[in-house]
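This report describes selected local features of one protein chain, moving from single residues to a surface patch. Please keep the sequence and the structure in view while reading.

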Amino acid sequence: MDQRTANDLKESAASLTMHGFGRLLSTKSKAMRCIWLLLMLFFVSLVILTVMPTVRRYFKSPSLTKVETVRVSEMKMPAITVCGPTLSKYRVKQFAEKSNITLEKDKHGQISNLEEILSKYDSPAKLAYDTRTFIINPKSGLERLGIEYRGYCYKINSNGTFIQRTAGPDRSLEIVLFLNVSDGMSISSRQPGDSVEVIIQDHKQFPSVDSGTVLAPVGHLTQIEVKKTEIRRLKSPYPSKCTNGENMKLLFKGEYTINNCRLSCFLSKVVHKCKTIYHFYNLLLPKKMRKPPSSREDDFLCQNNIEKTLRSEEYASCGCRLPCNEIRFRKSASFSKWPSTQDIAWERVSLGFEIGLNKSNLTEKFVRDNFIAINVFFGDMEYQKITEIPMYTLDKLIGEIGGQMGIWVGASIFSLLELIYLFVLFVRFSWRKKRAFNLDKSSAVEEQ
């Protein structure tokens, strides 16, 4: 049996398809055996040195960014959310009178104690500018949104049905707005009462706090050219370590973005560490988390310190990560006086019919002071697609290892199986030989 096992071991080693083993066992010259052994060790070492960097790179999970421009025959227009002045002057004054609050005005005629008034009201949205007559001629789905920090807004093309099939402003989504400038006022100094905020996002998304907005002023045609970008990132262990916000719930309504996550983190720290809070931030928070609004300059110190600390550490303590799936719309706007001198007569009749005013009441000054025109369009029938892809996948890793082994030692998966089988035979032969030696030794002891 031992001789048979030894013969099987020699035959298996001699027939091994991996280069060198057969020569090593069949060559009778000791010098040639040493040469073949050295060659085998050299090439096996070469395979290990060549393959190890690839294996290390694979476990580091590097990625590549693939950027491509996709040309299409039609583009689905994003949703256009239009938000007018946040508050109604009439409603604010009415509430102030009922609450025995004296209105104070600054040198520009604006209400300077607005924060005091808002702090007395349970929901500032109830003081919002009435936008029921806001949109004149939308061409697509319409949705009314009540947003605490923006008042009432209209989301146009909320169902995503408007399709643009030709590039340029001639096939744009056209909107004409009536804005009662005399009654509108804004919480934010960024948005004066004679303009509207235009937010452009995917129609499935809620207008986020960090959305880049375009201010469209009255008496102007605001043309907004948009360029679409789709971004797809990889989750951990790849470098982006992206998330779709599954475990990062925002304190306010909106889509998960890295900026929204950071703002939510900042608000959470302010709620736990500060006694008061800036009124705009208060509007973002759920009612149960709200605090007294800041009324003095000293009250802002706590919030400013938290913001500086977070920025200095690049928001590391917040754990905010990039979203895995993201759609961005880059915007560029141009403005021109509207209506033009040639069109003002026709526009007065058309707009007057829409809002129920006759031509005599709809003067040229009234039109220029209270109406806004907006055109949103794609400048090109194409969009950019940015995709993060793994640099090394398992099949590529196996392919590269197999290629290196095939070049240097002529090995394959089948060769490795043969090598494993040879190792099993060798262990079996060694074990039987040792067992036989122990039996012979014990017999010799008994005979003595």
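Buried here means under 20% relative accessible area, exposed means over 50%, and partly exposed lies in between, with a 1.4 Å probe and protein chains only. The model is predicted, so that local features need pLDDT of at least 70 and side-chain atom pairs count only at pLDDT 80 or more, while totals for chains, interfaces and linings use all residues. Residues are numbered from 1 along each chain as its sequence is written, and side-chain values use heavy atoms, with hydrogens and water left out.

Two residues other than glycine have a positive phi, and both lie in the loop between helix H8 and strand E13; helices (H or I, at least four residues) and strands (E, at least two) are DSSP runs numbered from the N terminus.

| Residue | Phi | Relative accessible area |
|---|---|---|
| Glutamate 314 | near 55° | 63%, exposed |
| Tyrosine 315 | near 60° | 16%, buried |

Cis peptide bonds also occur in loops: the bond from serine 236 to proline 237 has omega near 20°, with proline 237 between E12 and helix H6 (258–273), and the bond from tryptophan 338 to proline 339 has omega near -10°, with proline 339 between E13 (325–337) and helix H9 (344–355).

Within strand E12 (residues 220–232) sits threonine 222, which is buried at a relative accessible area of 0%. Beyond its neighbours within four places in sequence, threonine 222 is in contact (heavy atoms within 4.5 Å) with residues including Val214, Phe335 and Asn375.

Valine 427, in helix H12 (residues 413–447), is partly exposed at 41% relative accessible area.
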